[in-house]
Amino acid sequence: MTQKLRWGIMGCAQIATGSVMPAIQESETGVIQAVASRGLDKSSAVAKEFGVPQAYGSYEEMLADPNVDAVYIPLPNHLHREWAIRAAEAGKHVLCEKPIALNSREAAEMVEACRKAGVHLAEAYMYRHHPRIAEVRQIIASGEIGELRSIRGTFTYNDAEDTSNIRFKSAWGGGSLYDVGCYPLTAARLLIGSEPEAVTVQAIFSPEHDHVDMMASGLVEFPGGVSLIFDCGMWAYNRQLLEVLGTEGRIEIPMPFNARFDDAEFFVYAAGEVRRARATGANPYVRQADNFAAAVFGAEPAVAADDPVQNMMLIETCLASARRRERITLKPE
């Protein structure tokens, strides 16, 4: 019988109720033990909808529940640090929505708190768990497209009319780099396999949206002259694409950050031909839950413990470059 990880859901955000909670219930290794909100009416309604045995009217109550092994945190970005650390101190493993914090200092504090408490911490980039990513990495490693030269990544959508959206609150970690730019940025780090050296970013900061970056475009420089060219936005036409360019070919990945079952295809251009490849279809949220549980139960984590710190260092440097309108060199490790 598969060992079960007992989850507590900290908040009733749409990402929790629409994607993560159904995925945990579908997973092989997880059960939802409790759901908490700042109001018992809301958490009780969600608990009833999902058949969860326990509802709490505060996060503190859930953290005190000995039947909860791990928590999922889908709270607004500025609350991630506080509640991840409090969860760690309560002995709970932590899956925290992306971006994990507001900056690399906060991320480092969260990583250290979880290390000290002996609990597992992961940042919820679900796309990394889709089988397609593993297949793309294998093709790059095989040399089929030659030496890696550049990655191009895009993720844009238009939600500018909803000015009350929490993504447009600057103090809460709003803006396109935090919300969707983090996807091509993390994908480039993953596929290139090294840390960036410098960034140059331009952005549109909107007074109508609390001066957050509503659109950003940039160049991220990696060792060996390899680069990521990216754009991200919350005030532009909806689109996603990831292209990996090598000396002998390229890989084109449509909908790279939301793939599930029906859109797991990608295209390999090499040796004068176009090959339509199809990865195993999967729900990446389910894979994320099972991989998280595996790490809790003793398997080697798929991502290094300090990966969230590196992610936040890159995001905050991109934002600083856009604000200062200059190229910024990242500090070497």
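A residue counts as buried under 20% relative accessible area, as exposed over 50%, and as partly exposed in between. In this predicted model, Arg81 has a relative accessible area of 30% and is therefore partly exposed. Glu109, at 28% relative accessibility, also counts as partly exposed. These two residues form a salt bridge, in which the closest N and O atoms are 2.4 Å apart. Arg81 lies in helix α4 and Glu109 in helix α5, so the salt bridge ties together parts that are 28 residues apart in sequence. Side chains of opposite charge can pair when their charged atoms come close.

Helix α4 covers residues 80–89, and its buried residues are His80, Trp83, Ala84, Ile85, Ala87 and Ala88. An α-helix has 3.6 residues a turn, so residues three or four places apart point the same way. The buried residues of α4 pack against two helices, α3 (59–63) and α5 (104–117). They also pack against the strands β1 (5–10), β4 (70–73) and β5 (93–96). Just after α4, Gly91 takes a positive phi of about 85°.

An open sheet is built from 9 strands with mixed pairing. The order of its strands is β14-β13-β12-β11-β7-β10-β9-β8-β15. At the edges stand β14 (273–278) and β15 (328–329), each with a single partner strand, so one side of each has no neighbour in the sheet. Strand β15 is joined by 2 bridges to β8 (residues 198–206), and the two strands run antiparallel. Across this pairing, Val199 stands opposite Ile328 in β15.

Helix α7 (residues 176–192) lies across four strands, namely β7, β9 (212–221), β10 (227–233) and β11 (235–246). The angle between α7 and β10 is about 160°. Strand β7 spans residues 148–158 and contains Thr154. The relative accessible area of Thr154 is 6%, and this residue is therefore buried. Leaving aside residues up to four places away in sequence, Thr154 touches Asp231, Arg239, Gln240, Leu241 and Phe257. Of these contacts, Asp231 falls within the residue range of β10, while Arg239, Gln240 and Leu241 fall within that of β11.

The count of salt bridges comes to 20. One of them joins Arg149 to Glu147, with the closest N and O atoms 3.5 Å apart. Arg149 counts as partly exposed because its relative accessibility is 40%, whereas Glu147, with a relative accessible area of 52%, is exposed.

A further salt bridge is formed by the side chains of Glu265 and Arg276, at 3.8 Å from N to O. Glu265 lies in strand β13 (residues 265–270) and Arg276 in strand β14, so the pair ties together parts that are 11 residues apart in sequence. Glu265 is partly exposed, at 25% relative accessibility, and Arg276 is exposed, with a relative accessible area of 59%. Elsewhere, Arg128, Arg189, Glu195 and Asp307 are joined into one network by salt bridges that share partners.

Key. Residues are numbered from 1 along each chain as its sequence is written. This is a predicted model: local features need pLDDT of at least 70, side-chain atom pairs count only at pLDDT 80 or more; totals for chains, interfaces and linings use all residues. Side-chain values use heavy atoms; hydrogens and water are left out. Buried means under 20% relative accessible area, exposed over 50%, partly exposed in between (1.4 Å probe, protein chains only). Contact means heavy atoms within 4.5 Å. Two strands pair if DSSP finds at least two bridges between them. Axes are lines fitted to C-alpha atoms, for helices over the stretch in contact, and angles run from 0 to 180 degrees between N-to-C directions. A salt bridge is a side-chain nitrogen of Lys or Arg within 4 Å of a carboxyl oxygen of Asp or Glu.
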